[in-house]
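Reader: Hi! Could you walk me through this one?

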Amino acid sequence: MDYTLEQRAESIIAECMQINSTNPYEIFKTIAGKDCVRIHGPEHHVLDGACILTAFHNAGGNIDLHAALQKLMNEGLRMPGAACGLWGVCGAVTSIGAALAIIDGTGPLSTEDWGNHMEYTSAALARLAHIGGPRCCKRDAFSSLEQAVEYINKHYDISLDVPSIQCDFSPQNDQCIGERCPYRRETSQN
């Protein structure tokens, strides 16, 4: 099926509403493997933050998951694809930054958590800059999710886990950076 971006986003939200996991990577891997998510694409601007909101809610975080996912979808759909290369900011990071703002109820005039979210996004972007390009929406999601778990475990009364992440998507990525990728799955040489 040839999905529109809006259909991809709606499918992601519907999937999140059915998942009970508290592991954002597990949620990501489950949904990213579906037909509605391409190897690269602006649907990640919804998916990545949605995984954090879902895990946060399932771990006992006090949010209305359906309302939070709808708000995140609206925010994520506003960011165009290729923002990483054209704007210098990754959609995975901004998606999770939006999720944190939704959790805390912050906006442009907030004082309390506003700076904390900037701490998250700046640290997440620094990790991506260190790894380098070209873009990979899966690698960027993995790195952003790891940084988000660190942030959430520091700032909230819940705890999320992310296992040792290994990428299963590299065969689909013609621009995979191979050995430079910290999530590269090791293959045995027989």
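Author: Happy to; we can take the core, a helix and the cysteines in turn. This is a predicted model: local features need pLDDT of at least 70, side-chain atom pairs count only at pLDDT 80 or more, and totals for chains, interfaces and linings use all residues. Residues are numbered from 1 along each chain as its sequence is written, and side-chain values use heavy atoms, without hydrogens and water.

Reader: Great. How many residues has the largest nonpolar core?

Author: It has 57 residues, and Ile 12, Phe 28, Leu 53 and Ile 152 have the most contacts inside it. A nonpolar core is a set of buried Ala, Val, Leu, Ile, Met, Phe, Trp, Tyr and Cys residues joined through side-chain atoms within 4.5 Å; buried means under 20% relative accessible area, with a 1.4 Å probe and protein chains only.

Reader: Which residues of α4 are buried?

Author: Leu 65, Ala 68, Leu 69, Leu 72, Met 73 and Gly 76. They cover an arc of only 135° around the axis, so they sit on the same side of α4. That arc is taken from the directions from the helix axis to the C-beta atoms, and helices are DSSP runs (H or I, at least four residues), numbered from the N terminus.

Reader: What do they pack against?

Author: The buried residues of α4 pack against α1, α3 and α6.

Reader: Switching topic: how many disulfides are there?

Author: Zero, where a disulfide is a pair of cysteine sulfur atoms within 2.5 Å.

Reader: Why is Cys 36 not bonded to Cys 16?

Author: Because their sulfurs are 9.7 Å apart, too far for a bond. Cys 36 is buried, at 5% relative accessibility.

How values were computed. Buried < 20%, exposed > 50% of the residue type's maximum accessible area, 1.4 Å probe, protein only. Helix = DSSP H or I, 4+ residues; strand = E, 2+ residues; numbered from the N terminus. Contact = heavy atoms within 4.5 Å.
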